[in-house]
Amino acid sequence: MRIAVYTFDDITMFHLAAPLMVFGEVTRLDLAPGWQTRLWSDHPGSVRTAEGYPIGEVAGPETVEWADIVIIPSWPRPSTPIGAALKERLYQAHARGAMIAGLCLGAFAVADAGLLDGRAAVTHWEAMPLLAERCPGSEVDSSVLYIDHDDVLTSAGTASAIDACLYLVRKHLGSAAATRVARHLVVAPHREGGQAQYIERPLARVATDTVIAEVIEWALTRLDEPLPVDRLAGQAMMSRRSFVRHFQQATGTTPAHWILERRLQEARVLLETTDWSIDVVASSCGFASPVTFRQNFTAAFSITPTAYRRQFASPPQATVRKKK
């Protein structure tokens, strides 16, 4: 397997290191001695990383013709369009059968090369709206860490590059090899869920209607109680139909959806900051049952409440062994 990793001035060292480290371990552990990885750029010579370190002896663009897998590990910024020469190289490499992988913001380069049209894709969650705008024929998916179309692969933000590269090891060399590489790097062979669990969910816009704003303030102190639309409308002293219309105009969403989002956000806080059981968290956030809570939480964040707590709960302080 011949892997060509693209680099450029101002690339961060982590984005560059992720594929080099994973694929390098394959060789260092003697799992597949024939695997080779080369750095290349638009011009041979050297590049300087975002941290200010020079990297010398970078190969030129002819490396693409040598490669079985071409990896774009990042991209300067989503708004930067791909150059004509790089676009042609990626297109030609794909046409002759090489896999093209865009990790993190590297998905934008793959999109600009015309390789994501009509396909699902993923990138860093902050840039997902921009990718959807840049590539309107593609379905941008936050529920996964990477998406493989066999000939084109994209991955989610930053550390998801490791997940995607471990997946490629597993795809070509099997689960045992990928697990051994992951164990050597002290990372999980496979992480549960997608990046939806990491997305910062902004609150719905503040209600501009004074009556609606008062109902929202009232509801926020009663999330553990049943809050059907009729009850909210009664608090506003409006008919159900009139309340729903005013609520949507003031917040941009429906009352039911707004309540569900607030309950899920409250649940995330409780899972992160308390040791309450899942049943207690569900009840405290107004879900009819733990089953309903788990279903809604998993649908929203692509991870179960229990797994979310394992990942995001405030950890105990590390044990410090004192010298005797």
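Here is a short tour of this structure, one selection at a time.

**Before you click.** You're looking at a predicted model, where local features need pLDDT of at least 70, side-chain atom pairs count only at pLDDT 80 or more, and totals for chains, interfaces and linings use all residues. Residues are numbered from 1 along each chain as its sequence is written, and side-chain values use heavy atoms, with hydrogens and water left out.

**The whole chain.** Start by showing everything as a cartoon. The C-alpha atoms fill a box of roughly 70 × 60 × 35 Å along the principal axes. You'll find 14 helices and ten strands; these are DSSP runs numbered from the N terminus (helices are H or I, at least four residues; strands are E, at least two). Of the 324 residues, 44% count as buried, and buried means under 20% relative accessible area with a 1.4 Å probe, protein chains only.

**The largest core.** Now select Val22, Phe23 and Trp75. They have the most contacts inside the largest nonpolar core, which has 66 residues. Such a core is a set of buried Ala, Val, Leu, Ile, Met, Phe, Trp, Tyr and Cys residues joined through side-chain atoms within 4.5 Å. Add residues 160-173 next: this is helix 6, and the largest share of the core, eight residues, comes from it.

Zoom in on Val22. What does Val22 touch, not counting residues up to four places away in sequence? Its partners are Ile162, Cys165, Leu166, Val169, Val181 and Leu185, where a contact means heavy atoms within 4.5 Å.

**A second core.** Pick Ile212, Trp218, Leu232 and Ala236. They are among the 16 residues of a second, separate core.

**Helix 11.** Select residues 255-273 for a helix of 19 residues that reaches 27 Å from first C-alpha to last, close to the 27 Å expected at 1.5 Å a residue. (That expected span is 1.5 Å times one less than the number of residues.) Its buried residues include Trp258, Ile259, Leu264 and Leu271, along with Arg262, Arg263 and Arg268. Which helices do the buried residues of helix 11 pack against? Colour helix 8 (210-220), helix 9 (229-235), helix 10 (240-251), helix 12 (278-284), helix 13 (290-301) and helix 14 (305-312) to see them.

**Last stop: Tyr53.** This residue lies in the loop between strand 3 (45-48) and strand 4 (54-58). Leaving aside neighbours within four places in sequence, Tyr53 is in contact with Met13, Val47 and Arg48. Try a distance label too: the C-alpha atoms of Tyr53 and Leu20 are separated by 16 Å.

Technical notes: Buried < 20%, exposed > 50% of the residue type's maximum accessible area, 1.4 Å probe, protein only.
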